[in-house]
Amino acid sequence: FHAQAEAWYLDRPKYRLAGRILGKGRPLYLLNGFGGTHELYALFVWLLREDFRCVLWDYPGTAAGTTVNTSVSLDDLAADVAAIAHTCGDASIDLYAPSFGSLVALTTLRAWPQLARRAVLQGGFAHRRLSRFERWLTRSSRFFPGTLARFPGSRAVREYNHRRWFPPFDETRWQFLQDNVGRVPVSTLAWQAAL
């Protein structure tokens, strides 16, 4: 994936986006879920590369070593989708969006209804009410200086929520997820949760 995917960068008013394109055919834009980077799609994109030109990127502040010093809204993220499509010369696209990505997809579909031909939302939600503890955790986590790997209890939560979906015969897949998600800054997850 890294060797064959074309890297790209796009300067936006508040931040710089970075991503990759792999494949040929209809443009398929893959929006990230909650946590993790575009690299989580590497195997999926590799399998689709003959039929789709897959466009992937990380949300602002998601990739290791990046930060966002300004507030980012769903409207900003939807505008990013439209700007990327314009830059790539795509008048219409297909969208795939799990979990948090579904919020970005729905916002994009509302703001630019002519842009997406099709959208697949997996495990999506339009709004989620947070408990008092979740609101406190979201507010206080914005100031946590490290990554999810260093956040107390995060590995146990991932193990509880996701481990059963990974094949027991290939431990490398589970480790890949742990490593990828663990690199995401906690402050980025906090602002995503607050949206």
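## How two helices cross

An angle between helix axes counts as oblique when it falls outside the ranges for roughly parallel (under 35 degrees), roughly antiparallel (over 145) and roughly perpendicular (65 to 115). With that in hand, let's turn to this predicted model. Helix H5, residues 154-162, and helix H6, residues 171-182, have axes that cross at roughly 135°, and H5 and H6 are therefore oblique to each other. Their axes come within 11 Å, and the crossing of H5 and H6 is right-handed.

Which residues make the contact? On the H5 side they are Arg 155, Arg 158, Glu 159 and His 162, and on the H6 side Trp 174, Gln 175, Gln 178 and Val 181. Sorted by character, the residues of this H5 with H6 contact comprise 3 charged, 3 polar and 2 nonpolar.

## The largest nonpolar core

Now for the nonpolar side of the model. The largest nonpolar core holds 28 residues, and Leu 31, Trp 57 and Leu 77 have the most contacts inside it. At least two residues of this core come from each of strands S1 (6-11), S2 (16-23), S4 (52-57) and S5 (93-98), and likewise from each of helices H2 (74-88) and H3 (100-111). H2 gives the largest share of the core, with 7 residues.

Leu 77 is worth a closer look. Setting aside neighbours within four places in sequence, Leu 77 is in contact with Tyr 15, Tyr 59, Pro 60, Val 72, Phe 100, Val 104, Trp 191 and Leu 195.

## A second core

There is also a second, separate core, made of 13 residues. Among them are Ala 5, Leu 22, Phe 52 and Cys 54.

Methods
Residues numbered from 1 in each chain as written. Predicted model: local features only at pLDDT ≥ 70, side-chain atom pairs only at ≥ 80, totals over all residues. Heavy atoms only, no water. Axes fitted to C-alpha atoms, helices over the stretch in contact; angles between N-to-C directions. Helix = DSSP H or I, 4+ residues; strand = E, 2+ residues; numbered from the N terminus. Left-handed = near helix turned anticlockwise from the far one by under 90°. Contact = heavy atoms within 4.5 Å. Nonpolar A, V, L, I, M, F, W, Y, C, P; charged D, E, K, R; others polar. Core = buried A, V, L, I, M, F, W, Y, C linked by side-chain atoms within 4.5 Å. Buried < 20%, exposed > 50% of the residue type's maximum accessible area, 1.4 Å probe, protein only.
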